[in-house]
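Colleague: Before I plan anything around a model, I would like to learn how to read its helix packing, its enclosed spaces and its confidence values. Could you take me through them one at a time?

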Amino acid sequence: MKKGTHHRLYLLLRIGLLAWSLVPMPASAGDSYARQQEAMIREIRKDVERTVDYIGKDRLDPRVMEAMADVPRHRFVPERLRSIAYENRPLPIGHGQTISQPYIVALMTDLLHTKPGDVVLEVGTGSGYQAAVLSALVERVYTMEIIPPLAESAEKRLRALGYDNVTALQGDGYYGLEAIAPFDAIVVTAAATHIPPPLIRQLKPGGVMIIPVGGPFMTQELIRLTKNEEGQTRSEHILPVVFVPLTGGH
Ligand code: SAM
């Protein structure tokens, strides 16, 4: 081969490689979820700023925000809703139930003021998303779901995703989990007409409970109940919310 031909071939190869590297590569589903999750975090921050008068602060605990940025929310919604999993709104998960709005999950988690050694009870497992967010922040999470197929699918999902410090159980969370109590924190993710007395009893002195209280299918109040070292309780109204009702035989 002549010297000039060799050189031309070499140049063509270089140009070809350059052109190939300039062709935009389709974003993988993983990249797209990562971008949507970043957008979700920005939306949560905006909602926190909008509700500063209710919640008394303009940013949430950075550990909570890290957990929100880490848990793959698209794995907790039905497959057909994965493309909108990171929108800042509740989504249906079947059986008339919902996965809560990301801002509300972040706020409730923040209000619990958890510490790494804590043992926490969640009432209302649903998809298992709230339990997964808590998993990174505490020692152990117990979560209870009253609807058997939801309890079963959440348990499988949490296990498959490696949330090994979460124990998901089927049962009526109104009565809590006497065998494990007391808990450092309790979060109820369904609206109760009153704060369940068994849950108050199962809260440790110094513990915190976050619970939406009010009638079904109307605006309820998110309440933070704290128990002091002497066992006396105090409750504060945080902000209006809308949750599916706490059901069961009580
Ligand atoms: N935390 C959930 C998540 O992250 O997907 C969302 C919870 S959804 C708003 C409320 C859940 O509470 C529903 O799955 C519902 O079946 C459950 N629930 C209602 N009453 C309950 C009860 N007495 N005990 C346990 N779970 C209950």
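**Helix packing, cavities and confidence**

Modeller: In this predicted model, the axes of α2 and α4 lie 9 Å apart, and the two helices pack at an angle of about 145 degrees.

Colleague: Which two quantities describe a pair of packed helices in general?

Modeller: Packed helices are described by the angle between their axes together with the distance between those axes. For α2 and α4 the handedness can be added, since α2 passes α4 in a right-handed crossing. On the α2 side the contact involves Q37, M40, I41, I44 and R45, which meet M65, M68, A69 and D70 of α4. By class, the residues of this contact of α2 with α4 comprise six nonpolar, one polar and two charged.

Colleague: At what angle do the axes of α2 and α5 cross?

Modeller: The axes of α2, which spans residues 29-50, and α5 cross at roughly 65 degrees and come within 9 Å. Here, too, α2 makes a right-handed crossing, this time as it passes α5. The residues involved are M40, I44, D47 and V48 from α2, with P102, Y103 and A106 from α5. Six of the residues in this contact of α2 with α5 are nonpolar, none is polar and one is charged. If you compare the lists, you will find M40 and I44 of α2 in the contact with α4 and again in the contact with α5.

Colleague: Turning to enclosed space, how many cavities of 30 Å³ or more does a search of the whole structure find?

Modeller: The search finds two. A cavity, as the word is used here, is a space where a 1.4 Å probe fits but cannot get out, whereas a pocket is open. The largest cavity has a volume of about 370 Å³, and its lining is made up of 32 residues, with G124, T125, G126, E145 and T189 lying nearest its centre. Several elements each supply at least two residues of that lining, namely β2 (97-99), α5 (102-111), β3 (119-123), α6 (129-135) and β4 (140-145), and β2 gives the most, with three residues. The lining of the largest cavity includes 16 nonpolar and 13 polar residues, along with three that are charged.

Colleague: Which residues line the second largest cavity?

Modeller: The second largest cavity, with a volume of about 30 Å³, is lined by D61, R63, V64, T109, D110, H113 and T114. Two elements, α4 (62-70) and α5, give two or more residues to this lining. The lining of the second largest cavity has one nonpolar residue, three polar and three charged.

Colleague: And what is the class make-up of the lining of the largest pocket?

Modeller: The lining of the largest pocket has six nonpolar residues, three polar and no charged. The residues concerned are P90, T98, S100, Q101, I104, V241, V242, F243 and V244, and the pocket holds about 160 Å³ of space.

Colleague: Over which residues does pLDDT stay under 50?

Modeller: As a general rule, where pLDDT is low the predicted coordinates should not be read in detail. For the protein as a whole the mean pLDDT is 91, and 89% of the residues reach 70 or more. The value nevertheless stays under 50 over residues 9-13, for which the model has one contact beyond four places in sequence. It also stays under 50 over residues 15-26, for which the model has zero contacts of that kind.

Terms used: Residues are numbered from 1 along each chain as its sequence is written. This is a predicted model: local features need pLDDT of at least 70, side-chain atom pairs count only at pLDDT 80 or more; totals for chains, interfaces and linings use all residues. Side-chain values use heavy atoms; hydrogens and water are left out. On a 1 Å grid over the protein atoms alone, a cavity is a set of points where a 1.4 Å probe fits but cannot get out, and a pocket is an open set with protein on both sides within 12 Å along at least five of seven lines; lining residues have an atom within 4 Å of a point. Grid points are joined across faces, edges and corners, and a volume is the space filled by probe spheres set on the points. Helices (H or I, at least four residues) and strands (E, at least two) are DSSP runs, numbered from the N terminus. Ala, Val, Leu, Ile, Met, Phe, Trp, Tyr, Cys and Pro count as nonpolar, Asp, Glu, Lys and Arg as charged, and the others, Gly among them, as polar. Axes are lines fitted to C-alpha atoms, for helices over the stretch in contact, and angles run from 0 to 180 degrees between N-to-C directions. A crossing is left-handed if the near helix is turned anticlockwise from the far one by less than a right angle, and right-handed if clockwise. Contact means heavy atoms within 4.5 Å. pLDDT is the predictor's confidence in each residue, from 0 to 100.
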